[in-house]
Amino acid sequence: EASAEAVATCARVLEGVDSDPWDVAEVFEKLREWLRRDIVHAQRHLSEPWFQASIARALKHHARGNLEVARHGLGVLAGCCQKNDENAAILVHFGIVQEVLQLMDTYRNDTTLQDNACVALWRLAERRGPAAEQIEEADGLERMPEE
């Protein structure tokens with residue numbers, strides 16, 4: 001269950017410069033579980049700007065070298081931004097749009113990652129703020145699958 005204490009524990013792993021990528025993947029998996037189970041409750045605990053920054057930094061630091069970190073991290077990103085303008089704005093401020101696009105390039109052949117990335121970009125773009133413009137300027141629409 002998401003709580004202030006549990007979030008603080010997760011943050012220590014995400015913020016750890018020497019954190020094992022598999023521990024980061026586990027934290028992201030737990031955060032996804034909380035977001036799936038009760039998104040309103042989870043977002044309330046995960047919406048602090050410092051925690052959103054931790055998510056962005058952990059993705060940037062660990063995701064390009066670990067597919068599971070990338071997959072789960074993108075799922076967390078999508079969940080944090082679902083119907084939440086503030087979280088989306090914070091993550092965009094920390095350069096998450098470019099990071100998502102780079103992960104899509106890095107793991108071009110992984111359909112699970114591509115799906116998670118598209119959902120994350122969609123959720124960022126539908127919120128108020130500069131994400132949609134950043135996605136378009138970076139040719140992010142070209143990476144989206146056609147129906």
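Which side chain meets R108 in a salt bridge? The partner is D105, at 3.8 Å from N to O.

## Basis of the model

This is a predicted model: local features need pLDDT of at least 70, side-chain atom pairs count only at pLDDT 80 or more, and totals for chains, interfaces and linings use all residues. Residues are numbered from 1 along each chain as its sequence is written, and side-chain values use heavy atoms, with hydrogens and water left out.

## Overall fold

The protein has nine helices and zero strands. Helices (H or I, at least four residues) and strands (E, at least two) are DSSP runs, numbered from the N terminus. Along the sequence the pattern reads α-α-α-α-α-α-α-α-α.

The C-alpha trace spans about 40 × 30 × 25 Å along its principal axes. The radius of gyration is 14 Å, which agrees with the value near 15 Å for a compact globule of 147 residues. That radius is taken over C-alpha atoms, and the globule rule is 2.2 Å times the number of residues to the power 0.38.

Buried residues make up 46% of the 147 residues. Buried means under 20% relative accessible area, exposed means over 50%, and partly exposed lies in between (1.4 Å probe, protein chains only). The areas come from the Shrake-Rupley method with a 1.4 Å probe; for residues, only the protein chains shown count as cover.

## Salt bridges

Side chains of opposite charge can pair when their charged atoms come close. Here a salt bridge is a side-chain nitrogen of Lys or Arg within 4 Å of a carboxyl oxygen of Asp or Glu. The search of the whole structure finds seven.

The opening pair, R108 and D105, is one of them. R108 counts as exposed because its relative accessible area is 57%. D105 has 31%, so D105 is partly exposed. Elsewhere, salt bridges that share partners join K30, E33 and R37 into one network.

Within that network, the side chains of K30 and E33 meet at 3.3 Å, N to O. Both residues lie in helix α2, three residues apart, about one turn of the helix. K30 is partly exposed because its relative accessibility is 33%. E33 is partly exposed too, at 28%.

## A link across the chain

Which parts does the pair of D110 and R71 tie together? The two side chains meet in a salt bridge of 2.4 Å, N to O. D110 lies in the loop between α7 (96-106) and α8 (111-126), and R71 lies in helix α5 (residues 67-81), so the pair ties together parts that are 39 residues apart in sequence. D110 counts as buried because its relative accessibility is 13%.

## Charge and cover on helix α2

D20, D23, E26 and E29 form a negative surface patch. Patches are made of residues with over 30% relative accessible area and no salt bridge: like charges are joined within 9 Å, and nonpolar side chains (Val, Leu, Ile, Met, Phe, Trp, Tyr) within 5 Å. Lys and Arg count as positive and Asp and Glu as negative, while His and the chain ends are not counted. The place of a charge is NZ of Lys, CZ of Arg, CG of Asp or CD of Glu.

E26 is in helix α2 (residues 21-37). Is E26 buried or exposed? E26 counts as exposed because its relative accessibility is 55%. V27 is also in helix α2. V27 has a relative accessible area of 9%, so V27 is buried. Its C-alpha lies 9.6 Å from that of V7, with the two positions 20 residues apart in sequence numbering.

## Other positions

A8 sits in helix α1 (residues 4-15). A8 is partly exposed because its relative accessible area is 28%. The C-alpha atoms of A8 and L46 are separated by 9.8 Å, and the two residues are 38 residues apart along the chain.

Q43 belongs to helix α3 (residues 39-46). Q43 counts as buried because its relative accessibility is 9%. Q43 and L91 are 48 residues apart in sequence and 14 Å apart in space, C-alpha to C-alpha.

K83 is found in the loop between α5 and α6 (85-93). Phi of K83 is near 55°, a positive value in a residue other than glycine. K83 counts as exposed because its relative accessibility is 67%.
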